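Student: I've got a structure open and I keep meeting words like "buried" and "pair". Can we go through where those labels come from?

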Amino acid sequence: MLKFWKKKESPPPSETVSLDAVEQVVEGAQADVLDDDAGVATLEGSHSVDTTPAAPGKRSWRERLSGSGFARSLGGLFARNPKLDEDLLDELETCLITADVGVTASTDLVENLRKRIGKREFADADALLTALRSELVTVLKPVEKPLDVDTHRPFVLLVVGVNGVGKTTTIGKLARRFQSEGRALVLAAGDTFRAAAVEQLKTWGERNSVPVIAQGSGADSASVIFDALQTARSRHADVVIADTAGRLHTQVGLMDELGKIRRVLGKIDAQSPHEVLMVIDGTTGQNAINQVRQFRESIGVSGLVVTKLDGTAKGGVLFALAREFGLPIRYVGLGEGIDDLRVFDAQAFVDGLLPAALGSNS
Ligand SMILES: Nc1nc2c(ncn2[C@@H]2O[C@H](COP(=O)(O)OP(=O)(O)O)[C@@H](O)[C@H]2O)c(=O)[nH]1
Ligand SMILES: [Mg+2]
């Protein structure tokens with residue numbers, strides 16, 4: 001089984017590998033990979049990508065989100081201040097801004113509620129809560145557009161974002177999701193900068209019988225991903241998920257590498273990648289807006305995943321992202337477990353954040 005994962009000879013870690021050279025490397029690597037079977041699934045051990053099987057009764061959005069800073073402060077404010085007054089509105093505005101909903105969005109939301117109070121639309125704070133719920137859902141509904149990977153075969157999903165946001169973890173969770181839906185997958189260890197990143201994906205693939213195409217650290221990322229697409233085509237796989245190194249927009253060489261990945265994939269399938277999925281750390285706050293803007297300008301982004309919305313996250317950034325870009329939010333990460341990557345559902349998300357009814361939070 002280890003044979004499948006044996007280290008391939010890395011091409012020289014050069015930024016200026018020509019496409020011809022890339023294709024030669026790819027041919028060699030592909031032949032190597034296709035010789036062997038993927039590993040046998042074993043689930044023991046611990047590593048960064050969760051391998052636990054789907055739990056029979058997965059936790060609700062509310063259970064997952066209730067610990068988040070946003071949900072706690074919303075719950076607290078209605079519990080402290082169940083009267084429909086200016087204090088409640090002020091605190092609500094502060095709470096939205098603190099949770100990174102964005103200043104304009106927060107003031108707009110509260111101003112709108114204030115007007116409706118002026119028109120005596122609400123009998124009590126409970127009615128205000130209901131209105132807030134529906135206004136928040138209205139902001140998020142347009143970006144609730146689930147990813148459909150059945151539009152192409154193989155469907156190429158390129159996962160991008162800055163370091164540590166949860167790209168590799170998300171790939172593990174997505175792979176399990178697609179696999180459990182009966183799809184054949186190929187993963188590409190395109191984060192060739194950190195040896196640990198390649199190992200993380202390989203270990204995960206080995207344990208879940210999913211082939212992982214890798215060429216060792218320092219290899220050319222475009223070459224690895226190109227290789228994965230060729231492998232997927234020859235195996236009639238349904239989905240290719242490509243990992244990439246975390247990068248900042250200031251790292252020009254790394255940003256250019258994404259362009260190169262696009263060009264190289266385009267040689268096999270002009271429409272590939274079919275989805276550029278940008279992963280955002282939900283705890284990042286307003287800086288997430290800058291990150292999306294920069295990645296969108298330099299490589300193009302077709303969908304978002306917002307991770308780490310459990311715990312102390314300021315889930316408000318979803319509202320800011322939705323208003324600013326209108327990009328589909330495909331999935332959200334509500335924890336580190338395999339079931340904690342959920343298809344984004346605006347209503348479930350808002351319901352998870354807001355108290356169910358007043359008096360239920362003490
Ligand atoms: N709490 C929580 N942690 C997450 C979530 N998604 C990823 N992580 C953690 O974030 C850390 C970085 O993840 P990784 O996938 O290596 O990030 P990458 O550098 O973007 O590939 C790991 O410790 C993950 O377990 C999530 O939804 N919730
Ligand atoms: Mg990674």
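Student: Why does V165 count as buried or exposed?

Tutor: Keep in mind that this is a predicted model. The relative accessibility of V165 is 3%. Buried means under 20%, so V165 counts as buried. You'll find V165 in the loop between β1 and α7.

Student: What residue far along the chain can I compare with V165, and what separates their C-alpha atoms?

Tutor: Try T283, which is 118 residues apart from V165 along the chain. Their C-alpha atoms are separated by 9.2 Å.

Student: What makes V165 and ligand 1 a polar contact?

Tutor: A backbone N or O atom of V165 lies 3.2 Å from an oxygen atom of ligand 1. The cut-off is within 3.5 Å for a pair of N or O atoms, so this one qualifies. K308 passes too, with a backbone N or O atom 3.0 Å from a ligand 1 oxygen. For T169 the atom is a polar one in the side chain, and the distance to an oxygen of ligand 1 is 2.4 Å. Taken alone, ligand 1 exposes 590 Å², and the protein buries 81% of that.

Student: Which residues come nearest to ligand 1, and which helix gives the largest share of the shell?

Tutor: There are 16 residues around ligand 1, and G164, K167, T168, T169 and E336 come nearest. Helix α7 (residues 167-180) supplies the largest share, four residues. Sorted by class, the shell has two nonpolar, nine polar and five charged residues.

Student: How many aromatic pairs are there?

Tutor: The count comes to three. One of them is F70 with F319, at 6.3 Å centre to centre and 85° between the planes.

Student: Why is the F70 and F319 pair called edge-to-face?

Tutor: First, the centres: 6.3 Å is within 6.5 Å, so the rings pair. Then the planes: 85° is over 60, so the label is edge-to-face. This pair links distant parts of the chain, with F70 in helix α3 (residues 69-80) and F319 in helix α12 (residues 317-325), 249 residues apart. Ring pairs also link F70, F319, F344 and F349 into a cluster.

Student: How do you know whether F70 and F319 are buried or exposed?

Tutor: Run the test you used before. F70 has a relative accessible area of 1%, and F319 is at 1% as well. The limit for buried is under 20%, so F70 is buried and F319 is buried.

Student: What makes β6 and β7 a strand pair?

Tutor: A pair needs at least two bridges. Strand β6 (residues 303-307) and β7 have three bridges, so they pair, in the parallel sense. V306 stands opposite V332 in β7. Three bridges also join β7 to strand β8 (residues 341-343), but these two run antiparallel. There, the β8 bridge partner of Y331 is V343.

Student: Why is β7 called mostly covered?

Tutor: Five of the five residues in strand β7 (residues 329-333) are buried.

Student: Which way do the residues of β4 point, and which strands pair with β4?

Tutor: In strand β4 (residues 239-242), V239 and I241 point one way and V240 and A242 the other way, and all are buried. In a regular strand the side chains alternate between the two faces of the sheet. Strand β1 (residues 155-160) runs parallel to β4 over four bridges, with F155 opposite V239. Strand β2 (residues 185-188) is also parallel to β4 over four bridges, and there V186 stands opposite V240.

Technical notes. Residues are numbered from 1 along each chain as its sequence is written. Chains are lettered from A and ligands numbered from 1 in the order in which they are written. This is a predicted model: local features need pLDDT of at least 70, side-chain atom pairs count only at pLDDT 80 or more; totals for chains, interfaces and linings use all residues. Side-chain values use heavy atoms; hydrogens and water are left out. A residue is near a molecule or strand if one of its heavy atoms lies within 4 Å of it. A polar contact is a pair of N or O atoms within 3.5 Å; within protein, one must be able to donate a hydrogen and the other to accept it, and residues adjacent in sequence count only if both atoms are side-chain atoms. Accessible areas come from the Shrake-Rupley method with a 1.4 Å probe; for residues, only the protein chains shown count as cover. Ala, Val, Leu, Ile, Met, Phe, Trp, Tyr, Cys and Pro count as nonpolar, Asp, Glu, Lys and Arg as charged, and the others, Gly among them, as polar. Rings of Phe, Tyr and Trp (its six-membered ring) pair if their centres lie within 6.5 Å; planes under 30 degrees apart count as stacked, over 60 as edge-to-face and the rest as tilted. Buried means under 20% relative accessible area, exposed over 50%, partly exposed in between (1.4 Å probe, protein chains only).
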